[in-house]
Amino acid sequence: MSGKQERERRRQERMQTETKVGTEDRRKKLLQIGAGAAFLVVVVVVVGIVVASGGDDGGDASSIKDAALVDQELSGLEQDGLVLGDPNAPVELVEFGDLQCPVCKAASEEALPPLFEGAVAEGKAKISFRNFLIISEESEPAAAAAIAAGNQGRGWNFVELFYRNQGAEASGYVTDDFLTAVAKAAGVKDIAKWNQDRKSAKVTKEVKEGHEEALSIGLEGTPTFMVKGPNTNGLELIGSATSAGPLEDAIEAAG
Amino acid sequence: MNFPSEAFLRRAIAFVAALGIGVATYITIAESGGGSPACVAGGHGCATVAESEYSELAGINVSIFGIVGYVLILATAFLVSDAARLGGFALALGGFGFSIYLTYLEIWEIEAICQWCVASAVLMTILFVLSATRLIGYAGSDAPPGATEQLQN
């Protein structure tokens with residue numbers, strides 16, 4: 001092999017090696033970018049999920065939602081304390097509920113609104129809310145706050161709005177701030193009076209009486225619906241309800 | 001490690017992306033005007049998901065993002081270059097991540113499942129696997145002459 005041929009062979013070999021090294025480098029770089037992108041996507045997805053799960057937890061005094069919706073649902077309906085509807089309605093539907101109870105929240109959102117615009121609006125039935133404190137001791141100030149709102153004709157707005165903004169059971173969200181935010185959004189005008197009322201001996205006694213009534217009937221859970229009317233033998237048990245159907249049937253049968 | 005040929009991967013990506021365009025387009029059309037996609041086995045999952053606050057992002061229906069994503073992924077299947085390999089992977093990766101997020105919303109926040117959204121999530125997952133395989137297997141390799149025409153013919 002001549003010197004010239006030998007030089008050409010070496011040059012070819014060097015170029016091949018350089019190309020191979022270049023290809024490897026580029027491959028490595030591309031895979032690094034890909035891995036970086038994968039890491040970034042993992043971070044973004046985790047942050048997205050954390051934000052989504054945190055945003056809808058409820059129990060947040062700084063963002064009380066659905067006040068207008070509740071206002072609209074209850075508009076035109078008479079309220080006396082925690083009794084909703086015509087006081088002379090022949091049938092009384094009683095709900096024993098705990099404001100912290102998630103199943104009560106579901107009942108409040110799904111089962112009751114059809115009654116508001118049906119039996120209650122038509123004057124066939126009134127609905128009484130009574131506090132049965134089963135979740136934790138935080139249920140007690142919540143119950144007192146609802147009764148105090150009822151003293152200003154906004155009891156049902158308070159109950160319905162509390163349910164729509166309910167936090168996780170016994171998680172400590174039932175603070176004075178939270179209760180005040182719900183009361184304000186529920187349309188309680190005199191917050192100073194509401195504050196005084198909810199801590200008064202009279203309201204505390206009323207909370208206790210509702211709870212003891214539920215215990216004396218032998219109720220074990222919330223929500224428990226009962227009905228009283230011309231065709232019932234006193235207060236009769238309906239049970240829990242997550243849709244309006246069974247409640248409407250019971251009201252019909254009782255009247 | 002033996003990878004499937006890049007031509008096979010590109011054909012598979014093109015096929016799955018085309019299916020994805022079909023699914024996302026159906027969801028977009030069904031939801032336009034306040035409707036919802038028909039749930040195959042009955043139930044109201046699709047209506048619940050379509051009516052939820054999460055069905056739109058910045059005022060745009062999320063299925064439109066799906067169409068755009070699938071179209072771009074389809075485009076990368078027709079090109080043979082490192083940019084196409086990386087671009088296709090990045091798009092499928094983003095789509096896959098977004099699908100995980102949407103599936104989380106369906107299960108835990110909206111508490112309803114829409115079969116069409118699940119179908120799209122499955123397609124995006126397949127695209128992610130295919131495009132990751134394409135990137136890992138062929139990143140840095142030179143484009144064989146006439147490769148672009150091969151797929152088109």
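In this predicted model, 18 residues of chain A are in contact with 17 residues of chain B. The chain A side of that contact divides into 10 nonpolar, four polar and four charged residues. Chain A has nine helices and six strands. Chain B has six helices and two strands.

**Chain A overall**

- Chain A holds 255 residues, and 37% of them count as buried.
- Take the contacts in chain A between residues at least 6 apart in sequence: 80% of them join residues at least 24 apart.

**Strand β3 of chain A and its partners**

- Strand β3 of chain A covers residues 91-97.
- Seven of its seven residues are buried, so β3(A) is largely enclosed by the rest of the structure.
- V91(A), L93(A), E95(A) and G97(A) point one way from the strand. E92(A), V94(A) and F96(A) point the other way.
- Both sets are buried, and the charged residues E92(A) and E95(A) are among them.
- β3(A) runs parallel to strand β4 (residues 125-131) of chain A, and seven bridges join the two.
- Within that pairing, E92(A) has K126(A) of β4(A) as its bridge partner.
- Helix α3 (residues 102-120) of chain A joins β3(A) and β4(A) in a right-handed β-α-β unit.
- β3(A) also pairs with β5(A), here in the antiparallel sense, over five bridges.
- In that second pairing, V94(A) stands opposite M226(A) of β5(A).

**Backbone points to check in chain A**

- The peptide bond from T222(A) to P223(A) is cis, with omega near -5°.
- P223(A) sits in the loop between α8 (201-217) and β5 (224-228) of chain A.
- D66(A) is a residue other than glycine with a positive phi, near 70°.
- D66(A) belongs to the loop between α1 (3-55) and α2 (67-74) of chain A.
- Around D66(A) there are 16 other C-beta atoms within 10 Å, so this residue is partly exposed.
- A170(A), also a residue other than glycine, has a positive phi near 50°.
- The loop that holds A170(A) runs between α5 (155-164) and α6 (176-185) of chain A.
- A170(A) counts as partly exposed because it has 13 C-beta neighbours inside 10 Å.

**A sequence-distant pair in chain A**

- G153(A) is placed in the loop between α4 (139-150) and α5 of chain A.
- It is partly exposed, with 15 other C-beta atoms within 10 Å.
- Q79(A) is 74 residues from G153(A) in sequence, yet the two are 5.6 Å apart in space, C-alpha to C-alpha.

**Nonpolar cores**

- In soluble globular proteins, nonpolar side chains tend to be buried together.
- The largest nonpolar core here has 60 residues. Its members A146(A) and F158(A) touch the most other members.
- Leaving aside neighbours within four places in sequence, F158(A) is in contact with A145(A), A146(A), A149(A), V182(A), A183(A) and A186(A).
- Another core, of 42 residues, lies apart from this one. Among its members are V23(B), Y101(B), I110(B) and L123(B).

**Chain B: fold and helices**

- Read along the sequence, chain B follows α-α-β-β-α-α-α-α.
- Chain B has 153 residues, and buried residues make up 41% of them.
- Of the contacts in chain B between residues at least 6 apart in sequence, 76% join residues at least 24 apart.
- Helix α1 (residues 6-31) of chain B has 26 residues and should span 38 Å at 1.5 Å a residue. Its end C-alpha atoms are 37 Å apart, which agrees.
- The buried residues of α1(B) include L9(B), I13(B), V16(B), A17(B), V23(B), A24(B) and I27(B). E6(B), R10(B) and E31(B) are buried too.
- V23(B) thus appears both among the buried residues of α1(B) and in the core of 42 residues.
- Helix α4 (residues 82-110) of chain B has 29 residues. From its first C-alpha to its last it reaches 40 Å, close to the 42 Å expected at 1.5 Å a residue.
- E111(B) follows α4(B), and its phi is positive, near 55°.

Conventions: Residues numbered from 1 in each chain as written. Chains lettered and ligands numbered in written order. Contact = placed C-beta atoms within 7 Å. Helix = DSSP H or I, 4+ residues; strand = E, 2+ residues; numbered from the N terminus. Buried ≥ 20, exposed ≤ 12 C-beta atoms within 10 Å, placed from the backbone. Expected span 1.5 Å × (residues − 1). Pairing = 2+ DSSP bridges. Right-handed = clockwise from strand over helix to strand, strands pointing away. Core = buried A, V, L, I, M, F, W, Y, C linked by C-beta atoms within 7 Å.
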